[in-house]
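Subject: Structure handover

Hello,

Here is the structure for you to look at, with the sequence. My notes on what was found follow below.

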Amino acid sequence: MRTAARAIPGAGGRTLTAVEDDNLDMTATTDTPDAADIADAPQPRPQSLVLAFFGNHVLDEGDLCVYSGSIIDVLARVGTGEQAVRSTLTRMVNRGLLRRQREGRKMFFGLTPQAVRILEDGGQRIWRDGAVNEDWDGTWTLLGFSLPESWQRQRHDLRSRLTWSGFGALYSGLWIAPGHADVREAISELGLDAHVKVFHARADAFTDVGLMIRESWDLESIAARYVAFDKRWAAVSPPADPVATRLRLVAEWLRIIRTDPRLPVQHLPPEWPARQAQETFRRMAEETAGPARRMAAQLLETVPVRSS
């Protein structure tokens, strides 16, 4: 057991990333010890895996930093190369998602307040909101925006945030989401307050809500991702490497739900597959929680965050 202060006993697997993983190096394979039954799963991007790692093993453990070597060792178990991990850690520090802390010759990484908010939001989406919206009150959030043609990056960032927040494009500059979607903080962080208008409304009786949903969201692709997830994970046997299995499980589930707007189930096709996929995810998450916590206690080297 390698410890600097104390090893992390695990953290319930709650994580999320609402930040794009643009152009990150992905020197990864899928021939990990426990990946035989899920080898056809899309390989998560390194930043998604790093955030899933911190959500699984750091978020609920207080102010801790993890040795970079521990992060590299764990991500190697899911096929992500050392150079990809190191470049991702550096990029996440530059984006304000991680903080560095040097201890002797070793570099440790911890969460920033921004990353904590992202991970806690993920916990809300995974464990409390869920993937099936059965309590829709009939309201919609409408968001209109107009940006200069040259603001391509700002437009990309805004659309990414809107997609994560459950919005679909009704028209090019008018997006819509079910219920009361609060995107004020995201809009302010992007510096776009003056370019965005938000309204809350109900559809008129002549509006075909089902048709509107089919035109604004790609339901077939959303459903296919849930079906594929359930097929991959439903028959997975107890893993020999629960840390790697849980990391892949959470990262893949987040990749799916981050593009699911949680549309009202009464306006979706019969037997919407999100429910069965969610049951499979939660069963696997529960089965791997204890074993992953115990294995992490042996693998991870941590130190307390120093007060600045």
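Two strands count as paired if DSSP finds at least two bridges between them. By that rule β1 (residues 64–67) and β8 are a pair, running antiparallel and joined by three bridges. Within this part of the model, Leu 64 is placed opposite Pro 304 of β8.

Before going further, a word on confidence. The model is predicted. Its protein chain has a mean pLDDT of 85, with 86% of residues at 70 or more. Among the elements, strand β3 (residues 106–111) has the highest mean, 98, and helix α6 (residues 184–189) the lowest, 88. Over residues 1–36 pLDDT stays under 50, although the model has 146 contacts beyond four places in sequence for that stretch. Predicted coordinates should not be read in detail where pLDDT is low.

First sheet

The pair β1 and β8 belongs to an open sheet of four strands, ordered β2-β3-β1-β8 and paired antiparallel. β2 (98–103) and β8 (302–304) are the edge strands; each has a single partner, so one side of each has no neighbour in the sheet. From one strand to the next, the twist averages 35 degrees. Helix α1 (residues 46–57) packs on this sheet and touches β1, β2 and β3, with its direction at about 80 degrees to that of β3.

At the β2 end of the order, β2 and β3 are antiparallel and share six bridges. Arg 102 faces Met 107 of β3 across this pairing. The hairpin of β2 and β3 has two residues between its strands, and Gly 104 takes a positive phi there, near 65 degrees.

Second sheet

Another open sheet of four strands has the order β5-β6-β4-β7, again with antiparallel pairing. Its edges are β5 (168–171) and β7 (196–202); each has a single partner strand, which leaves one side of each without a neighbour in the sheet. On average, neighbouring strands here are turned by 30 degrees against each other, direction ignored. Strand β4 (residues 139–145) pairs with β7 over seven bridges in the antiparallel sense, and Phe 145 has Val 196 in β7 as its bridge partner.

Two helices lie across this sheet's strands. α5 crosses β4, β6 and β7 and runs at about 175 degrees to β4. Helix α7 (residues 209–216) lies across β4, β5 and β6, at about 110 degrees to β5.

Largest pocket

Which residues lie nearest the centre of the largest pocket? They are Asp 121, Arg 125, Trp 164, Ser 165 and Asp 182, out of 32 lining residues. The elements giving two or more residues to the lining are α4 (113–129), α5 (152–164), β6 (174–178) and α6. Of these, α4 supplies the largest share, eight residues. The space in the pocket comes to about 950 Å³. By residue type, the lining divides into 13 charged, 12 nonpolar and seven polar.

Two elements of the lining appear elsewhere in these notes. α5 and β6 each give two or more residues to the pocket, and α5 also lies across β6. The other point to keep in mind is α6, which contributes to the lining and has the lowest mean pLDDT among the elements, 88.

Regards

Technical notes: Residues numbered from 1 in each chain as written. Predicted model: local features only at pLDDT ≥ 70, side-chain atom pairs only at ≥ 80, totals over all residues. Heavy atoms only, no water. pLDDT = per-residue confidence, 0-100. Contact = heavy atoms within 4.5 Å. 1 Å grid on protein atoms, 1.4 Å probe; cavity = no way out; pocket = protein on both sides within 12 Å on 5 of 7 lines; lining within 4 Å. Points joined across faces, edges and corners; volume = space filled by probe spheres on them. Nonpolar A, V, L, I, M, F, W, Y, C, P; charged D, E, K, R; others polar. Axes fitted to C-alpha atoms, helices over the stretch in contact; angles between N-to-C directions.
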